[in-house]
Amino acid sequence: MKNLERVQQIMQNFDRELFRQNLIQWFRNEQRVLPWRENQDPYRVWVSEIMLQQTRVDTVIPYFNNFLTKFPTLEALAEADEQEVLKAWEGLGYYSRARNLQNAVREVVEEYQGVVPSEPEEIAKLKGVGPYTKGAILSIAYDKPIPAVDGNVMRVLSRILHVEEDIAKASTKKLFEELITELISHEDPSSFNQGLMELGALVCTPKSPSCLLCPIQEQCRAFEQGIEEELPVKSSKKKQKKAPYMLLLIQNEQGEVLIEQRPSSGLLASLWQYPMLPLGDVDRESAPHWFYGEYGLKIELKETKQTIKHVFSHLIWEMEVVTAEIIGGELDHERARFVTLDERNDYPFPVSHQKAHKYINS
DNA sequence: GACACGTGGGC
DNA sequence: TGCCCAAGTGT
């Protein structure tokens, strides 16, 4: 069935105006006080929407406040060093968001005279601004009736309208965008979009939704049938692959520790870490030889500490932490350097390697 | 369409 | 413990 046809089928006998009124009224009364809701500044809305991608509100709040203090304007962010931006993002995860945001902000400053574009076609070209973020910024900052479909919206609407399509599929997201296009309030698209998300966050939660408190209860098809817990339908993801490493803690005579910068693309791009070698590629016995070839330093393995386990969304690192002593050679590596423990604090580290900090002798 | 891309919290 | 999740995007 074509989407348009499916949309008509779903929307049959659904009172859109009642839905809009109840949702918007509820949002105006019940919305949380959040730092990015102080005003409609497109820059603030933009930063918040990027940070909130796949990330909880409670986690984002302190990062948002710190980020806006360090980079209060588009211009301030455009002029900042990338490393400084990554440091402000340290611990938030999905670090390409930070680099894409800064790139896009630089483009707005250079190509749009520092004004965040209010046209869908223009804002959609910016790096890191996908269909969701486009709709969120345009509706919240510019009051434009554009859909902003995230996980909340799909969950809430799948229940209210009884949609059984798998929300893990991209095609289902398109279906919801078309549904929202039919449903969205043109009077207050900002409260409508935010209301849908707020409802998903506060009432129509993934587990044990609070249907008795729901402003849309009388219109909810899932509640009517008592199947709210069965929706939305979502196919499960596969589990992570394990990747074993040896992580090396190496200090020179001054007590400085060896760190290196990760490649500028891929996992944890441009962040810093302790040298780490993939076990399996290299075994424990040949590790010093491998290390000499890579870094130009002759080392001797000393003490084996604990193994750090770090779970990512798609893989698991198991890092055996080993201290090593320098017995010769000279550091010869593009992206590696010795730093004092104080200096180390200025470098953005992924959480996985922050876990190794405590094994350093200081 | 499928997979890479982080982290911390809840049960 | 392990799995699911939380305001997605890029390739």
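Strand 1 (residues 241-250) and strand 6 (residues 315-329) run parallel and are joined by ten bridges. One place to see the pairing is Met246, which stands opposite Glu320 in strand 6. The model in which these strands appear is a predicted one. As background, the strands of a sheet pair through backbone hydrogen bonds, and the pairing is either parallel or antiparallel.

Strand 1 also pairs with strand 4. Here the two strands run antiparallel, and three bridges join them. Within this pairing, Leu247 has Met276 of strand 4 as its bridge partner. Strand 1 thus shows a parallel pairing with strand 6 and an antiparallel one with strand 4.

These pairings belong to an open sheet of four strands, in the order 4-1-6-5, and the pairing in this sheet is mixed. Which strands stand at the edges of the sheet? They are strand 4 (276-278) and strand 5 (297-311); each has a single partner strand, so one side of each is left without a neighbour in the sheet. From one strand to the next, the twist averages 25°.

A helix is placed against this sheet. Helix 14 (residues 287-295) lies across strand 1, strand 4 and strand 5, and it runs at about 100° to strand 5.

Strand 2 (257-261) can be followed next. It is joined to strand 7 (residues 336-339) by four bridges, and the two run antiparallel. Glu260 of this pairing stands opposite Ala336 in strand 7. Strand 2 is also joined to strand 3 (residues 272-273), by two bridges, and these two strands run antiparallel as well. There, Gln261 has Trp272 of strand 3 as its bridge partner.

Is strand 2 enclosed or open to the outside? Five of its five residues are buried, so strand 2 is largely enclosed by the rest of the structure. Both of its faces are covered: Val257, Ile259 and Gln261 are buried on one side, and Leu258 and Glu260 are buried on the other.

Strand 2, strand 4 and helix 14 come together again in the second largest pocket, as the elements that give two or more residues to its lining. This pocket has a volume of about 190 Å³. Helix 14 supplies the largest share of the lining, three residues. Among the lining residues are Glu260 and Gln261, named above for their bridges, and Met276, the partner of Leu247. The lining also includes Trp290, Glu294 and Tyr295, as well as His333 and Arg335. By class, the lining has five nonpolar, three polar and four charged residues.

The structure also contains an enclosed space. One cavity of 30 Å³ or more is present, and the largest cavity holds about 100 Å³ of space. Its lining includes Cys204, Cys211, Cys214 and Cys220, along with Arg159, Ile160, Val203 and Phe223. Sorted by class, the residues of this lining are eight nonpolar, two polar and two charged.

Val203, one of the residues that line the cavity, is also touched by Glu198. Glu198 is located in helix 12 (residues 189-202). Is Glu198 buried or exposed? Its relative accessibility is 2%, so Glu198 counts as buried, given that buried means under 20%. Beyond the residues up to four places away in sequence, Glu198 touches Trp26, Phe27, Gln31, Arg32, Arg37 and Val203.

Ser118 gives a contrasting case. It sits in the loop between helix 7 (96-111) and helix 8 (120-123). Ser118 has a relative accessibility of 26% and therefore counts as partly exposed, since that class covers the range between the 20% limit for buried and the 50% limit for exposed. Leaving aside neighbours within four places in sequence, Ser118 is in contact with Leu138, Tyr142 and Lys144. Asp143 can be placed relative to Ser118 too: the two are 25 residues apart in sequence, and their C-alpha atoms are 9.7 Å apart in space.

Key:
Residues numbered from 1 in each chain as written. Chains lettered and ligands numbered in written order. Predicted model: local features only at pLDDT ≥ 70, side-chain atom pairs only at ≥ 80, totals over all residues. Heavy atoms only, no water. Pairing = 2+ DSSP bridges. Axes fitted to C-alpha atoms, helices over the stretch in contact; angles between N-to-C directions. Contact = heavy atoms within 4.5 Å. 1 Å grid on protein atoms, 1.4 Å probe; cavity = no way out; pocket = protein on both sides within 12 Å on 5 of 7 lines; lining within 4 Å. Points joined across faces, edges and corners; volume = space filled by probe spheres on them. Nonpolar A, V, L, I, M, F, W, Y, C, P; charged D, E, K, R; others polar. Buried < 20%, exposed > 50% of the residue type's maximum accessible area, 1.4 Å probe, protein only.
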